[in-house]
Amino acid sequence: MEPLGRISWLSSSVLPPPIQSDNETCLSSYNLLRVPIKSSKLNKISCTMPESEIKENYTKNGSSGRSSSKMDEYNRAMKTMMRNPYEYHHDLGMNYTLITEELIVGSQPQTPEDIAHLKEEQNVAYILNLQQDSDVEYWGIDLPSIVKRCKELKIHHMRRPAKDFDPDSLRSILPKAVSSLDWAIEERKGRVYVHCTAGLGRAPATAIAYMFWFSDMDLNAAYDELTSKRPCGPNKRAIRGATYDLAKDDPWKEPFESLPDYAFENIADWERKLIQQRVLALRSA
């Protein structure tokens, strides 16, 4: 049995085979770093069929308080709202993926020991938390103790809350979240850890938006780059919507909702520069 806290690479040999659903194929190549907590089981993100549940149904069948019930409720909501359905296994601990040399995307740190691990093993100097208070409370996370440990280890902890499974909330928060992420990367004092609850929706969407807006690639290229490393299904429409909001402010502009599905998957150089200027202006917001 592997000692707790050791980092190891997951391979597809320890995971279930991919399942095709709604013409979407789950990725078969897994590249997640795992940090098991109070468990000797292998950490994993599973491919499963979507179900018709939403987050508002979380507590209807989970009132018993059992961890398995919470995970079942959360996963049903996740599988409904995400383009590619993956499950979050809270009892297997924090998991994360190195996206670039400066950027890590992962699930929520659950204990102060997770913070120490990120500092010691991954040189994390900044944490960007996209969870709402309700997310933290739902999973029973002691956030004050985590923030306290961040201060002790000189990790800058930031929050840009967005509602889980809500594309409009994600769209509205992305500019400020990317602004915080860009600032942290530019500081060059260590890696930035971006997380939501499962690290499968809001956090990867923020990383993809950053890659799209601040590097020379279109949305599909940024999306493929991240999801090839961390299987997930962030809401691409929310990213497109946030791109539209930043690039277009003419009073006569066509409403985003009336645009075709491919609109703002790519942007002109002048639009990218405008987006960058507006994102940088949000640093003090």
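How are helix 6 and helix 7 oriented relative to each other? They turn out to be oblique to each other, and the first legend below gives the numbers. Everything here comes from a predicted model, in which local features need pLDDT of at least 70 and side-chain atom pairs count only at pLDDT 80 or more, while totals for chains, interfaces and linings use all residues. Residues are numbered from 1 along each chain as its sequence is written, and side-chain values use heavy atoms, with hydrogens and water left out.

**View 1. Helix 6 packs with helix 7.**
Two packed helices are described by the angle between their axes and the distance between the axes. Helix 6 covers residues 202-214, and its angle with helix 7 is about 135 degrees, with the axes 9 Å apart. (Helices, H or I with at least four residues, and strands, E with at least two, are DSSP runs numbered from the N terminus. Axes are lines fitted to C-alpha atoms, for helices over the stretch in contact, and angles run from 0 to 180 degrees between N-to-C directions.) Angles under 35 degrees count as roughly parallel, over 145 as roughly antiparallel, 65 to 115 as roughly perpendicular and the rest as oblique, so helix 6 and helix 7 are oblique to each other. Helix 6 passes helix 7 in a right-handed crossing (right-handed if the near helix is turned clockwise from the far one by less than a right angle, left-handed if anticlockwise).

**View 2. Helix 7 packs with helix 8.**
Here we have residues 219-227 for helix 7 and residues 236-247 for helix 8. Their angle is about 140 degrees, and their axes sit 11 Å apart. This pair is oblique too, and its crossing is right-handed.

**View 3. Pro-204 is a buried residue in helix 6.**
Pro-204 has 0% relative accessibility, so it counts as buried. (Buried means under 20% relative accessible area, exposed over 50%, and partly exposed in between, with a 1.4 Å probe and protein chains only.) Between the C-alpha atoms of Pro-204 and Asn-235 there are 9.3 Å, though the two are 31 residues apart along the chain.

**View 4. The second largest cavity holds about 40 Å³ of space.**
Rolling a probe the size of a water molecule over the atoms shows where empty space is left. On a 1 Å grid over the protein atoms alone, a cavity is a set of points where a 1.4 Å probe fits but cannot get out, and lining residues have an atom within 4 Å of a point. Grid points are joined across faces, edges and corners, and a volume is the space filled by probe spheres set on the points. Searching the whole structure turns up two cavities of 30 Å³ or more. Among the residues lining the second largest one are Gln-108, Pro-109, Asn-129, His-157 and His-195. Its lining has four nonpolar, five polar and no charged residues (Ala, Val, Leu, Ile, Met, Phe, Trp, Tyr, Cys and Pro count as nonpolar, Asp, Glu, Lys and Arg as charged, and the others, Gly among them, as polar).

**View 5. Asp-135 sits in helix 3 (residues 133-138).**
Asp-135 is buried, at 3% relative accessible area. From Asp-135 to Gln-108 is 9.9 Å, C-alpha to C-alpha, with their positions 27 residues apart in sequence counted as the separation. Gln-108 also helps line the second largest cavity.

**View 6. Asn-123 and Lys-154 are non-glycine residues with positive phi.**
Asn-123 has a phi of about 55 degrees and lies in the loop between helix 2 (112-122) and strand 6 (124-129). Lys-154 has a phi of about 60 degrees, and its loop runs between helix 4 (143-152) and strand 7 (156-159). Asn-123 is partly exposed at 45%, whereas Lys-154 is exposed at 70%.

**View 7. Ser-284 lies in the segment after helix 9 (269-280).**
With a relative accessible area of 72%, Ser-284 is exposed. Its C-alpha is 9.4 Å from that of Lys-176, 108 residues away in sequence.

Methods:
On a 1 Å grid over the protein atoms alone, a cavity is a set of points where a 1.4 Å probe fits but cannot get out, and a pocket is an open set with protein on both sides within 12 Å along at least five of seven lines; lining residues have an atom within 4 Å of a point.
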